[in-house]
Amino acid sequence: MKNELLSVAEAAERITAGDVLAIAGDEALLAQLPKGNWIGGTSVYFVTDTGGATIRDRVFCTTLTDAAAATPRHVPAADLATIADGYQPGGYSVVLIPAFSSAHSAFAIDGQSYPGLFNQPLVGWIAGVHVDEIGSKAPKVFDGATGLAHDDGAVVLHVTLDSGKSVNVDIVNIFSRADTGTTFVFEDTGFEATTAKVNGETVNLAQYITDNTLDTRLPLVANYAGALVNVSVQAVDTDTGKVAFYAPVMAGVEYRQASALDNYAAAFADKTANAAENQYSCNCILNYLHGELEGKTTGAFTGPITFGEIAYILLNQTLVRLDVKAA
Amino acid sequence: MALPPDSKLQQLLLSSAELSSASLATRIVVSRLRIEISNNNALLGAKLQELKDFVSANDYAASDLASL
C-alpha cells in the first residue's frame, strides 16, 4: 500500500489510470474526483510523515497496490446487514460511514451480528468534519463507482487480492484499564446512559462522574478476550442526568476507566515502534485533540483522523491498521 | 480443520479467559457471545451453535481455537 497526500489533479490521474484507492479529504475536493475504483470520506485532519495537520487543499490517498480488482458500492442504512454479501474470496473490505448518520448508530449497535461480517478482514472509519463545523455541515462518504456523495449509509470497497497474499487487521490502543478496582456495567446497550452499576451499585452516571471529577478525556475500556475496546465519553449533563458516548456501551460488559497518559504522541510511538510503513491506518479525532497531535508524529503510521474507527466493529480513541503481506 | 469438541467450546464461552494469540475477529466474536450468554443463560445452546458456525466458516478462527 502507498499512503500519499495528493492534489485533486494527482488523485484524479491515479483514478483514471485504474488505481484502487481509499481517499480522505475535504468534501469540496472529493466532489471533484472522477468515477473509478475508489471510495472516499470527509476529513480535514490527518497524520502525515511530518505530523498531525489540518489540510484542506489536498486529499489523503491510500493506493491499495495489492488489489487485483475492487468493487465500490453504497449500502443504504437499511441494508447494512448485507455488507458481507459483497466480500470477494480471499480479499478484504474497507467501509466508510458518515458520522451522526443513522448508519453510524446502526452499525455500532448491530454490526457485530450482521451475517458473515467476520468472514474476511473489514476495516474503515467514520467520516467527520472540522470540529468548528459540527452541527452545521454533514459528514459525507463518496462512492467512486457513481461519484455520488452520501450523508447516510456506508460506502464499501470490496477488494480482491492477488493470489498468495494474506491480510492482517489489528488495533493499537494506547490506553490500559486503570487498576483502581472501579467497574462500570450498563443495563442497556446504547450511545447514552442515565444509570450504571459502579462497583455493583446503581448510580446516576452523570452525577457520579461529576462528583468524582473523572477525566472524561479517558475512555471506558472493555476487555474483549484480550483486546481492549474503548468507549469515549462525549458529554456529561447533570441537568438531564445523561451521559452521551461516541460509541455504544454494551449491556452487561464490564468497563473500567483508562489510566491517564503522560504523553499521547510518545505513547503511540512506543506502541508502533516496530510497525512497517505503508499500512492502511486511521486514528481518532479524540486522540488528535486530547493528545494535541497537531505537528506531532505517531510512529510509522500515517492516515486520516476520524470520528470513529472500524476494525469489524466501531471503536473509539484507537488506531486501526491493515497490512497485506505475502502468504 | 477439525472443530474443537463442543465441551471445549462451551467451556470457552462460559469462561473469561483471554485469547491473546487469537485474531482480533475471533476475540470480538467470542466476547460478544460470552456477553449474550451472561445476559441470558438460556441462549447458551444457540450461542454455542453460532460459535461452531463461525469456526466452520473461517479457517483463521479454527486455527485460533485449535489449541483449546
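Start at the seam between domain 1 and domain 2 of chain A, and don't go hunting for salt bridges there: the count between the two is zero. Bear in mind that this is a predicted model.

To set up the view, colour chain A in two parts. Select 2-172 + 265-326 for domain 1, then 184-257 for domain 2. Drop a centroid on the C-alpha atoms of each domain and you'll find the centres 27 Å apart. Now show the residues in contact: 14 come from domain 1 of chain A and 14 from domain 2 of chain A.

So what does hold your eye here, with no salt bridges to look at? Try polar contacts: seven residue pairs cross the interface of domain 1 and domain 2 of chain A, both partners at pLDDT 80 or more.

Next, stay on the domain 1 side and pick out α3 (102-110), α6 (285-290) and β26 (313-315) of chain A; each supplies at least two residues to the side touching domain 2. Linger on α3(A), which gives the most to that side, with four residues. Colour this domain 1 side by class and you get seven nonpolar residues, seven polar ones and no charged ones.

Switch on a surface for the last stop. Domain 1 and domain 2 of chain A bury about 1200 Å² between them, with 60% of it on carbon and sulfur atoms. Which residues of domain 1 lose the most area to domain 2? Select A:Ile109, A:Asn316 and A:Gln317: together they account for 39% of what the domain 1 side buries.

Key: Residues are numbered from 1 along each chain as its sequence is written. Chains are lettered from A and ligands numbered from 1 in the order in which they are written. This is a predicted model: local features need pLDDT of at least 70, side-chain atom pairs count only at pLDDT 80 or more; totals for chains, interfaces and linings use all residues. Side-chain values use heavy atoms; hydrogens and water are left out. Domain bounds come from an automatic or database domain assignment. Contact means heavy atoms within 4.5 Å. Buried area is the accessible area (1.4 Å probe) that two parts lose on being put together, summed over both. A salt bridge is a side-chain nitrogen of Lys or Arg within 4 Å of a carboxyl oxygen of Asp or Glu. A polar contact is a pair of N or O atoms within 3.5 Å; within protein, one must be able to donate a hydrogen and the other to accept it, and residues adjacent in sequence count only if both atoms are side-chain atoms. Ala, Val, Leu, Ile, Met, Phe, Trp, Tyr, Cys and Pro count as nonpolar, Asp, Glu, Lys and Arg as charged, and the others, Gly among them, as polar.
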